[in-house]
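Visitor: I'd like a close look at one part of this molecule, the strand in the middle of things and whatever sits around it. Could you walk me through that slowly?

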Amino acid sequence: MNPDQFHPASIAAQALGWVDDKTKAIVEPLHMSTTYIRDPDNQYRSGRVYARDQNPAFDQAEAVITALERGHASLLFASGMAAATAVFQALSPGDHVVAPKVMYWSLRNWLAEFATRWGLRVEFIDMTETDELSRAVQPGRTRLVWIESPANPMWGVTDLAASCGIAHAAGAMVAVDSTVATPVLTQPLTLGADIVMHAATKYLNGHSDVIAGTLTTREDSVLWQRIKGIRAQIGGVLGPFEAWLLTRGMRTLFPRVRAACAGAVAVAEHFARHPQIAEVLYPGLPAFKGHAVAAMQMHGGFGGMLSIRVRGGETAAIATAANLELWKRATSLGGVESLVEHRASIEGPGTPVPADLLRLSVGIEDVSDLIADLEQALDKGHLPAAA
Ligand SMILES: Cc1ncc(COP(=O)(O)O)c(C=O)c1O
């Protein structure tokens, strides 16, 4: 299938239309081998030596992501964290990096603790304000600007095209964690980003049964070659079955994301006027600070993630989560089942997340059931949950 000829939804549904050469099966076989035959004359003409970084199990998933992100090449990793940290490990001690103050918490912690000890000079800013980025970048010194948009768990939206312009003018590259936007809604590489990252654990796989990460590059570069080397040497690779499951998951990416977006809009609009909710944070609401930028760079929806701030503070928020029946109380996001999480509890001391905030990952259930469940949980208010 020529990716230039078909819409992204068609590319995803058929996983690029790959057919197994040997059997003509329309689903690629699972490649379990860890090693490959050397030719009698001591060459490796197949191009494959060892499965740590040359596993054919990666090929189809990587090709599908590259096509959906309109990039040059992709790499699968053992997790979103393995993918994200590989980008920073490809930098050199002393390099200046700019990252968001509010972003996926584990990566922020890793940057603040490990990456800083390792020699990166990491500066955290409000990445939703392009003026702050202009002030933070140091021409010739800043090597990388890391963006997450919309960003966990307040869903702040960063103007990708404007930020890429600012970073590039200073000689810095831009990497975007686009996990929440998904390639269905935004293609950061077409807006100027150099690398796009996904916690494929979330929407790309979509069924809460695979941990995986991906990076896609706009073009070949020194940084990309270093990242490839890091994956090969450190070996944070995905297992073949997980790669196969990820390819299967991506076949339904478009209908899943569209359903999640429709559900999230309905939930956001319904609870924006609810007396027990102080605020609904969702890029799709016109009153949300980043709405105009989101409307410009997200196409076909505003994502399946939103947060609500419950009147009554932390106790009321935790009691509301406890009283939910259909929404599952669990961390993570982007699966077909709806999840709720009291985010401050998992992030712990020092989190910028308000204590009254519940993060909602909208799945593909009937939205009236999701709304009714949240209504009844809020109505029970501060009553302790039944054991
Ligand atoms: C936006 C975002 N980026 C990165 C990650 C890390 O992905 P993983 O859990 O696969 O390491 C997560 C996980 O929650 C995430 O939500």
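Guide: Here is a tour that goes from one strand to the ligand, and then on to a few residues elsewhere in the chain.

One thing to keep in mind as we go: this is a predicted model.

Let's begin with strand S7, which covers residues 213-217. Is that strand buried or exposed? Of its 5 residues, 5 are buried, so the rest of the structure largely encloses S7. Look at how the side chains are arranged: Gly-213, Leu-215 and Thr-217 point one way, while Thr-214 and Thr-216 point the other way. Whichever way they point, all of these residues are buried.

Now, what does S7 pair with? One partner is strand S1, residues 73-77, and the pairing of S1 and S7 is antiparallel, with 5 bridges. If you want to find a spot where the two meet, look for Ala-73, whose bridge partner in S7 is Thr-217. Another partner is strand S6, residues 195-199, which is also joined to S7 by 5 bridges and runs antiparallel to it. Here you can pick out Met-197, which has Leu-215 as its bridge partner in S7.

Follow the chain between S6 and S7 and you come to a loop that holds Thr-201. Thr-201 has a relative accessible area of 11%, and since anything under 20% counts as buried, Thr-201 is buried. Its side chain reaches the backbone nitrogen of Ala-212 at a distance of 2.9 Å. Setting aside its neighbours within four places in sequence, Thr-201 is in contact with Gly-80, Gly-206, Val-210, Ile-211 and Ala-212.

Thr-201 also brings us to the ligand. There are 14 residues around the ligand, and those that come nearest are Gly-80, Met-81, Asp-177, Thr-201 and Lys-202. Some of these have polar atoms worth zooming in on. From Gly-80, a polar backbone atom is 2.8 Å from an oxygen atom of the ligand. Asp-177 has a polar side-chain atom that lies 2.6 Å from a nitrogen atom of the ligand. As for Lys-202, an N or O atom in its side chain is 2.9 Å from an oxygen atom of the ligand. On its own the ligand has 390 Å² of accessible area, and the protein covers 91% of that. Two elements give two or more residues each to the shell around the ligand: helix H4, residues 80-89, and our strand S6. If you sort the residues of that shell by type, you get 6 nonpolar, 5 polar and 3 charged.

Next, let's move to another loop, the one between strand S4 (142-148) and helix H7 (160-169), where Pro-150 is found. What kind of peptide bond joins Ser-149 and Pro-150? That bond is cis, with omega about -15 degrees. Pro-153 lies in the loop between S4 and H7 too, and the peptide bond leading to Pro-153 from Asn-152 is cis, with omega near -20 degrees.

Asn-152 deserves a stop of its own. With a relative accessible area of 5%, Asn-152 is buried. Its side chain makes a polar contact with the side chain of Arg-359, at 2.6 Å. Leaving out its neighbours within four places in sequence, Asn-152 is in contact with several residues, including Val-102, Tyr-104, Val-180 and Leu-333.

Backbone angles give us a couple more things to check. Thr-182, in helix H8 (residues 182-185), has a phi near 60 degrees, a positive value in a residue other than glycine. Thr-182 is buried, with a relative accessible area of 1%. Ser-332 has a positive phi as well, near 85 degrees, and sits in the loop between strand S10 (328-329) and strand S11 (339-342). At a relative accessible area of 21%, Ser-332 is partly exposed.

Our last stop is Ala-260, in helix H11, which spans residues 253-271. Ala-260 counts as buried, at 3% relative accessibility. Apart from its neighbours within four places in sequence, it is in contact with Tyr-203, Gly-303, Gly-304, Val-362 and Gly-363. For a sense of distance, take Ala-260 and Ala-83: these residues are 177 apart along the chain, and their C-alpha atoms are separated by 25 Å.

Key:
Residues are numbered from 1 along each chain as its sequence is written. This is a predicted model: local features need pLDDT of at least 70, side-chain atom pairs count only at pLDDT 80 or more; totals for chains, interfaces and linings use all residues. Side-chain values use heavy atoms; hydrogens and water are left out. Buried means under 20% relative accessible area, exposed over 50%, partly exposed in between (1.4 Å probe, protein chains only). Helices (H or I, at least four residues) and strands (E, at least two) are DSSP runs, numbered from the N terminus. Two strands pair if DSSP finds at least two bridges between them. A residue is near a molecule or strand if one of its heavy atoms lies within 4 Å of it. A polar contact is a pair of N or O atoms within 3.5 Å; within protein, one must be able to donate a hydrogen and the other to accept it, and residues adjacent in sequence count only if both atoms are side-chain atoms. Accessible areas come from the Shrake-Rupley method with a 1.4 Å probe; for residues, only the protein chains shown count as cover. Ala, Val, Leu, Ile, Met, Phe, Trp, Tyr, Cys and Pro count as nonpolar, Asp, Glu, Lys and Arg as charged, and the others, Gly among them, as polar. Contact means heavy atoms within 4.5 Å.
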